[in-house]
Amino acid sequence: MSEYELVIGLETHIQLNTVTKIFCACKADSWEMEPNTNICPVCAGLPGVLPVLNEEVLRKGVLLAYAMHSEIRNVSFFDRKNYFYPDLPKGYQITQYDMSLGNGGYMDLFIPEDAGATRRVSITKLHLEEDAGKTKNAGSERLIDFNRCGVPLIEMVTGPDLRSAAEAAQYLTRLRQLLRWLGVSEADMEKGHLRCDANVSIRPVGSTQLFTKTEIKNVNSIENVRSAIELEYERQVREVEAGNRIQAWTLDWDDEKNELKKMRSKETEADYRYFREPDLLPVRLSDEWIQAVLADFPELPLHRKQRFLTDYHLTEYDADLLTTDRQLSEYFESAVKVYGGDPKKIANYLMNDVLRMLNESGKSAADTRLTPQYLADIVKMADAGKINASTAKNLLVKVEASGQAPNEIVAAEGLGQVRDDAAIRAVVEKVIAGNPKEVEAYRAGKESLIGWFTGQVMREMRGKADPKLAQEILKEILGS
Ligand SMILES: [Zn+2]
């Protein structure tokens, strides 16, 4: 099988998270609404009404185009793509054909098998369009929901530049991260915010000749895109080795059986009879307008990761994890600034304790009550020995639950660490007096009991003793 290499191009549809649809005032997000309750004469395609372009769609389109290194056209056009399908009440889709908002572009990927090497994935299409409705089978009937008609989409198509299922998965993972980072889409594949079709073909390694490609549709997770491409690769190799021709099929991913089914033979572009949309003016964007949109363009994830590596001396793993989402990376950086000490300490608290806590409560770094300032305060108190490590961890949870400042909680609940030699000594003596058998065993050489003794002292002092000091006093009195 290894004499054939994969050639993959991905076609993605990205649902923008605008408030309203692309050409009318209906809500863009109707995920939880009853079917056919989120429509109006414009998106339902009634005659005599005119579409009005939503400016928010343009703004989000410009942000994504810029991030993809795409040329942003000052003048672009909307076109009609004509086809008949029950979920398309107008009989045509408003989209952009030859003069779209974005022109060209690329994304660089790291090649998984070759550390340090990158693969440039070209972008051949980046355009705005409206979504169609949804159909679903219900027994012998077919039901249609028009709520999604007119929801703003960006269609983005790559060149045939991807060479493995893993690269395709990486492209989608990076794209999803970027969409959320820019705040242009929720990019949830299960909810259809990010949809992916894959064009897959094979060729003998070293050859530029291509066999016919097939198209895989309706895959709803990155993991399934990877599996579907791997299965299709194996099928195509089997066909070619059996001396058969690959047919230009469209294949449907069956989510329950994890297999591909043939849908239909593919239409060609010419079937759609594109022409300029007569109801909309050309989209004219001045350089000033574009600059204003890009004024707050954020530092992108890969760049931020590099900066975390150099500025804060984090490990590759930590820098990667802390830049998975933009809010988390900003939280980390604010906490580091307030703290002023070793950034690695903040990183450890964040990754080991705060993230776990947020996962459990379903909150994000943007809406936790444990602000960067509070986290820094807690780490500082631990550094200064005012609280011990386990109290610090409990405090994270208490601050998150109450929203109260950590120093107030410490004062109110008397959580401050006891470092008073005499107070600890008194408790140590009590523990030793109360456990003669263990004392005897310890003195006979079972030194591992020191941990147990320390635990007893900590328990007597409700966790507030400085454990190191407690151990020192224990050793002194027990004689080590
Ligand atoms: Zn509408």
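**Exercise 1. A pair of charges**

Glu333 and Arg307 are both buried in this predicted model, where buried means under 20% relative accessible area, exposed over 50% and partly exposed in between (1.4 Å probe, protein chains only). Find out how Glu333 and Arg307 interact, and where each one sits.

*Ground rules.* Residues count from 1 along each chain as its sequence is written, and side-chain values use heavy atoms, with hydrogens and water left out. As this is a predicted model, local features need pLDDT of at least 70 and side-chain atom pairs count only at pLDDT 80 or more, while totals for chains, interfaces and linings use all residues.

*Solution.*
- Step 1: Glu333 and Arg307 form a salt bridge, with 2.6 Å between the closest N and O atoms. The term asks for a side-chain nitrogen of Lys or Arg within 4 Å of a carboxyl oxygen of Asp or Glu.
- Step 2: the pair ties together distant parts of the chain, 26 residues apart: Glu333 is in helix 7 (residues 326–339) and Arg307 in helix 5 (residues 301–312). Helices (H or I, at least four residues) and strands (E, at least two) are DSSP runs, numbered from the N terminus.
- Step 3: now widen the view. Glu299, Arg304, Arg307, Asp311, Arg326, Glu330 and Glu333 are joined in a salt-bridge network.

**Exercise 2. A bridge across the sequence**

Look at Arg80 and Glu277: how far apart are they in sequence, and are they buried or exposed?

*Solution.*
- Step 1: their side chains meet in a salt bridge of 2.8 Å, N to O. They are 197 residues apart, with Arg80 in strand 4 (residues 79–82) and Glu277 in the loop between strand 16 (275–276) and strand 17 (283–284).
- Step 2: Arg80 has 13% relative accessibility, so it counts as buried. Glu277, at 4%, is buried too.
- Step 3: for another buried pair, try Glu215 and Lys217, which form a salt bridge with the closest N and O atoms 3.5 Å apart. The whole structure holds 34 salt bridges.

**Exercise 3. The zinc site**

Which residues are the protein donors of the zinc ion, and why is the arrangement called tetrahedral?

*Solution.*
- Step 1: collect the donors, meaning N, O and S atoms within 2.8 Å of the metal (3.2 Å for Na, K and Ca); water is not among the atoms, so sites may look incomplete. You get the SG atoms of Cys24, Cys26, Cys40 and Cys43, lying 2.3 to 2.4 Å from the zinc ion.
- Step 2: check the angles. The four donor atoms subtend 104 to 114° around the zinc ion, so the arrangement is tetrahedral. Four donors earn that word if all angles lie between 85 and 135 degrees; four are square planar and six octahedral if opposite donors are over 155 degrees apart and all others between 65 and 115, and anything else is irregular.
- Step 3: read off the spacing in sequence, C-x1-C-x13-C-x2-C.
- Step 4: Cys26 and Cys43 are both buried.

**Exercise 4. A bent helix**

Where is the kink in helix 8 centred, and what covers the buried residues of helix 8?

*Solution.*
- Step 1: helix 8 (residues 343–361) has 19 residues and spans 25 Å from first C-alpha to last, close to the expected 27 Å. The expected span is 1.5 Å times one less than the number of residues.
- Step 2: the kink is about 40° and is centred on Leu350; the bend at a residue is the angle between axes fitted to the seven residues ending there and the seven starting there.
- Step 3: Leu350 is among the buried residues of helix 8, as are Ile346, Tyr349 and Val354. The cover includes helix 5, helix 6 (316–322), helix 7, helix 9 (372–383) and helix 10 (389–402).

**Exercise 5. Two positive phi values**

What are the phi values of Ala187 and Asn218, and how accessible are these residues?

*Solution.*
- Step 1: start with the background: most residues other than glycine have a negative phi.
- Step 2: Ala187 has a positive phi near 55°. Ala187 lies in the loop between helix 2 (165–182) and strand 12 (194–204), and at 0% relative accessibility it is buried.
- Step 3: Asn218 has a positive phi of about 65°. Asn218 belongs to strand 13 (residues 214–219), and its 49% relative accessibility makes it partly exposed.

Key: Contact means heavy atoms within 4.5 Å.
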